[in-house]
Every structure is written in C-alpha cells, then in structure tokens.
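Hello,

Here is the structure I promised to pass on. Please have a look before you read my notes.

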Number of protein chains: 2
Amino acid sequence: MTAFTVHSVSGTARRGTLTLTHGSVETPAFMPVGTSATVKGLTPADLREIGAQIVLANTYHLWLRPGRETLVELGGLHRFMAWDRPILTDSGGYQVFSLESRRELDDDGVTFHSHLDGSTHRFTPENVVAFQEALGVDIAMMLDVCTKLPANTAEVEAAIRRTTLWARRGTAAWQRGATALFGIVQGGTDERLREQSARELVELDLPGYAIGGLSVGESRAEMARLTRFTAELLPAAKPRYLMGVGTVRDLIAGIDSGVDMFDCVYPTRSGRHGRAIARAGEYNIRNAAYLRDDGPVDPDCSCMVCTTFTRAYLAHLFRSEELLGPRLLSYHNLAALAALTADARHAIAADRWATFRDGVLGATAAAS
Amino acid sequence: MTAFTVHSVSGTARRGTLTLTHGSVETPAFMPVGTSATVKGLTPADLREIGAQIVLANTYHLWLRPGRETLVELGGLHRFMAWDRPILTDSGGYQVFSLESRRELDDDGVTFHSHLDGSTHRFTPENVVAFQEALGVDIAMMLDVCTKLPANTAEVEAAIRRTTLWARRGTAAWQRGATALFGIVQGGTDERLREQSARELVELDLPGYAIGGLSVGESRAEMARLTRFTAELLPAAKPRYLMGVGTVRDLIAGIDSGVDMFDCVYPTRSGRHGRAIARAGEYNIRNAAYLRDDGPVDPDCSCMVCTTFTRAYLAHLFRSEELLGPRLLSYHNLAALAALTADARHAIAADRWATFRDGVLGATAAAS
C-alpha cells in the first residue's frame, strides 16, 4: 500500500509524493506530533486547515492509554481521533529507553514500567509491529534501540546490533497489509556504525527508512553532518525520514540533505510556552515589546491566527495564562512549518532550491 | 442604539429581539463569558459556529490587564478580541466586592488592590461607565454593590442605597452613544428591598435592567422565587438580564420568569473540568463508564463536538490531561445552552412554552 515517487531534484533536495492507505503526502513534509492521539490543543479540522498531510502518534503512550483493546474496539486510531488522513506511529523505542531505570533490555525485547501507574509491560519487535497494525496506521516504525549522546562505541555497537536483529524479526512479523513498515538507522555519531546499521537495514528492502538517534544531545553541526552522511546511505527510491527535527534551520538542513519527512514536538511545545516561529526568526510573544503591537504573529504568514489576531492579543493571552494562547500559537507554529515545507516543495520543483535555502537561512540568521 | 421588541409571550416567558450597535440578539439568550477578552479556549469563529450572539467580558479584569490605554490604542475591545458581534461588559462591582479585605468602600466609589500585583485602583460610577464606553462595548453595566448571601438587613439596605446613588451618577455620566447602559437591581433575599431597588432604578429609564445579587449563596428555590419577584417589578418593554445563571434548570426557571438574557462561567468552567451538559442531565466524562462509549457527548446535540468525537475519545483526553479535552467540552457545553435557548425561543413563538419547559425539566430530573 505504499508508493514513493520522486518528481524532481534540485541540488540534493528532492520533491516527491508518498502514497499511503489513507491518502498521499507531498514531500518534503513536516508531520505534527499527536503523541496521545491528539496534537495538543488542536482538532483534526484545524490540522486540515493548517495543511497537515500526516500526523504522528506514539506506540508507547497509546499502548498504556487507552490501550490496544479500546482502540481496536472503537474502530482503530483514525476513527478514535477523528483524523482520516495518514498516521505514522513511532515505535515507542525512544520513549522506553528514556525511562532508564524503569526498563530492562535483553535480546528478545524490553520490559518496562509504565510512567503512569508502574505496571509492567513488554515490547518485542513483533508485538510492536502487531500493535501498530492493529491500530490501522499508515506507517509503523520498527522497535529500535536509541542511545543517548554522547555514548561510547561499545554502547552504540550493542544498540545497532539489537536494532538490526529486531528489524529482521519485525520485518518477518509484518503483515504487509494497509500498514507500511519503516526501519530506523542508528549508530550515534560514528560514521562506520551508521554505515553498518544502514546497510543491514537496507538489505530488508523496507518501504522507507528513518534516520534515528539524532537530535538527542549532539551539536547542531554534528547532526547536520550525520544527517547528510546517513541520508546518502539510504536508497534514493525510498522515503527518508529524519526523526525529532522541527526548527526552521534544521528542516532546511534536512531537506538539503535529501530528507523527505520530519516530525518534532517543537512547534507545539514551544507554542504552548509562548515561543513563536516566524520566517524571520523565533521570538517570545510574552516580551514587553509585543504588548501593543497590532501586527500579526508572523508578517510572512497567512494562517488563520495571523490573519485574525494581533501580537498584542496573543501577548495578553499568554500573560493572562489563557488557554487560547497555547492553542493559537501551536496552530500558527505548525502552519509556519507547513508553509515552509510547501515553499520548499515549490522551490525544488522550480529548481531554485539553493536560492530558497539561502534566503531562509539568511533571514533567520539576521534575526537571531 | 438600543431597541428591544417582544415578539411573543407564552405563559410568562417571552421571545424578543434586542438590537445593539454590533448586531441583534434573539432572546431569551445565553451569553458566554469571556472575562479577560477570551471565552476560555475558544476562538470567535468557534463562538459564531456555536451560535453565540453576544459575549461578556469583565471591566475589573480588563481594567487591570491589558488596561484602558492598550485597548483604546488597539481599536477597542471588539478589534482586540476579533469578535464583531455584540459585547456586554460587567461593571466589575461583583469582582471588586469579592476582594473583601483588599477593597475599601465609600459613598463616592471603591478603592481596591489588584489581585495581580497589589497596585491600587479606584472605581467610581462615572469612571466605570467611561471605561466601558471607551472600549466600545454594546452594553455597559452600572457599578453596583453586591452583598454576599446570607446578609443582614442593614448590610443589604446600605448596598441598595449606594447602588441607587451610583446608578444616578452613572446615568448622568453616560454618553448615550454606541454603548447602552443597564442598571442592576440588588436587595438580597428581602422582597421589600428588591422592590425599593427596582423602583429607584426604573425611575432612571435605562435601556435594560439586570437582576443582580442572586446565585451568590442562596438556595435554588430562593433564587427562583426572587428572580420571578424581581422580574415582575421591571418594565415589560425593557430587556431583563439575570446575572450569573447558566445551568439548564436555572435557565428554564429564569425564562419562565420572563427573563431575556443570562450569563455564567458555568458551561466553560465545568467543561474544563470534564463535566458535560446534556439535555438529559449532566455527567462527568471522566467516569469509567465512558471509556469505551462510542456515542456522542450528548445524543440530543448536533454541535461539531457531538458530530465528530465520541465520549470515549473525550474521556481519554481528560484522563490524559490533554488541552483538547477542555476545549471540546467547553465548546459542547456552550453549544448545548445555545441550542436550549434557541429551542426555548421556538417554543415561546409557537406558544407551547409550558410543554417545552416541563419536558426539559422532566428529562433533567429523571437523569439526576
């Protein structure tokens, strides 16, 4: 049920279409994150209005609450959250490894304790794929082992060994039905290990590949270098997904490395805290400078928030701790990234990617 | 700029149209409360979709933040909050008297300390009217003295004496421009004092009258009795507004007493806490019974929330403390009261009010 077509390339950036069970995704695309079956504060109608083509949800969180039985009984994740376009679920690997003292890892899988009630659960490569398939998502992610950075070589080697082992088992368990399965390349900051991880996963001939284990503590330059290095190891005919990336500069760097898909909580999390993403640079709406500013959040944006409300009004909402503030700024921040990727697609199609890239980077650099 | 027409009467309930500077309001009407220039969690587009005809904001809160100067500089309250339909502002009397130890009352006005930063402010009957006029609202409320219940006769007598004194001064200061001015009848639970307060205010021939000082500690039966008693003292040709009332049963009782307008934080506050208002009775969406319930929040409702999401999804959102939960349930609760008043208007116009009233009261009584 997956097809990926690259329509045009400009420099090393690419413009494509990913066709999934619930619709197609024009790439490069940013995917809003709806961890617990909700993009915080926003409705599916908002997301459609913003131009979101696909949203993320998280296996770890949904496994614990509301749980597989409820989700299946209620007709799957799409019906549950009333979103009829594509959904990608993360495998929960990242979340489980973040639990640290609350999980125990072996070759067969990982046992962990719920952060909600301490109850014991076990993820295996097989049951994580089966869970995502049962939810009826468009893209399932493989259970992987993600190491925090910095990490020593032995740790990273152990992680990629298990990541490959689990990817083989996950692939064998995969039903190859409505749900596509993506592999996740690990390897920390070590090029040799990134190369090994990519090679072993590419052998499985999966519908798509993610670049995992980045944006987890390394420098921005390291991330850019490893993104480019890893992207080049992945098959050109398959979609490439850089996990956990969601600032304007990082999206531009990722697209420039030939990445097609991105996700990050950043636009919604920063929006909830008053941080506005504008094409000319980010800023905090709580700043006193905006209290009487009757301009829009981002003069370069034509979203509902920017065409309806002023900076002064949003500053007032945030200073008054009003619920509407986080909602409106999350909406705008997602709309800003949707517009950025739409503009990138146009620029690539017109083969003027480098000009577009340099323009965006110049504007954000001047502002910061 | 105000006109009020009563189109039909059924029993003692009435169906009318109130024409204001920013549009007309079909009565009986429930007015959502947007204390700090925002109905918590909702946009003006949501409110239009819900069928809200007029919203409330609060003089005390707006006076302190963002303040008169900012609101005037930004083009008035309508532009600030991006709402182009009528706005009524409460005078702030109720809020100031709730401050108790933080305010000092004299015949000329009331000095109080901000709950935000302790700064000192002073309300007089004149400056409260001028503030509301400067904001450009459709209906301003007179500064009044509201006593908590129970209160002794001397306290209530002192309160209505000042309320009348201030109403005369407020009326003299009123510009009689785009902003209509309503008086507020006080008098606690004492019929003689209610009568005196109403008589003294009616002499001022204001565009409308509110029944104040109820829903502040007395029993529901007391409130119903005093609402009916006070409503009958008010001129039939002027709109009657019962302040602070917003449950299904209290709205029905108020309409039955010939009241035309209502406001209350109840539907939004209870919505934020998981309490759903349904025609067949209220309930808490967090209840375990709803975790796998794929029906709508209210089977008798056709709002966006009830036609899009299930009880199970809302139960999940509330249990996960997701922002979207309070937003959706506030939306539904306001839509439920908008539909209730719309249905009441149709019933009155068709002269079948008593049947409608008894049907609604029977359904909610059976459920509780």
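Below is what I found, starting with the symmetry.

The model is predicted.

Two copies. Chain B lies on chain A with an RMSD of 0.0 Å after a turn of 180 degrees and a shift of 0.0 Å along the axis. The two copies are thus related as by a two-fold rotation axis. In chain B, the residue that comes closest to that axis is B:L323, with its C-alpha at 4.0 Å.

The interface. Of the interface residues of chain B, 100% are also interface residues in chain A, so the copies meet through the same surface. One residue to look at is A:T43. It sits in the loop between β4 (29-31) and α1 (44-50) of chain A. Across the chains, A:T43 touches B:L324, B:R327 and B:L328. Its relative accessibility is 4%, so A:T43 counts as buried.

Helix packing in chain A. The axes of α6 (residues 125-135) and α7 (residues 153-173) come within 8 Å and cross at roughly 45 degrees. That angle makes α6(A) oblique to α7(A). The crossing is right-handed. From α6(A), the contact uses A:P125, A:E126, A:V129 and A:E133; from α7(A), A:W166, A:R169, A:G170 and A:A173. By type, the residues of this contact are four nonpolar, one polar and three charged.

Helix α6 in chain B. Here B:P125, B:V128, B:V129, B:F131, B:Q132, B:E133 and B:L135 are buried. Just after α6(B), check B:G136: its phi is positive, at about 80 degrees.

Best wishes

Technical notes:
Residues are numbered from 1 along each chain as its sequence is written. Chains are lettered from A and ligands numbered from 1 in the order in which they are written. This is a predicted model: local features need pLDDT of at least 70, side-chain atom pairs count only at pLDDT 80 or more; totals for chains, interfaces and linings use all residues. Side-chain values use heavy atoms; hydrogens and water are left out. Helices (H or I, at least four residues) and strands (E, at least two) are DSSP runs, numbered from the N terminus. Buried means under 20% relative accessible area, exposed over 50%, partly exposed in between (1.4 Å probe, protein chains only). Contact means heavy atoms within 4.5 Å. Copies are superposed by least squares on the C-alpha atoms of residues with pLDDT of at least 70 in both. Axes are lines fitted to C-alpha atoms, for helices over the stretch in contact, and angles run from 0 to 180 degrees between N-to-C directions. Angles under 35 degrees count as roughly parallel, over 145 as roughly antiparallel, 65 to 115 as roughly perpendicular and the rest as oblique. A crossing is left-handed if the near helix is turned anticlockwise from the far one by less than a right angle, and right-handed if clockwise. Ala, Val, Leu, Ile, Met, Phe, Trp, Tyr, Cys and Pro count as nonpolar, Asp, Glu, Lys and Arg as charged, and the others, Gly among them, as polar. Lists of a residue's contacts leave out its neighbours within four places in sequence.
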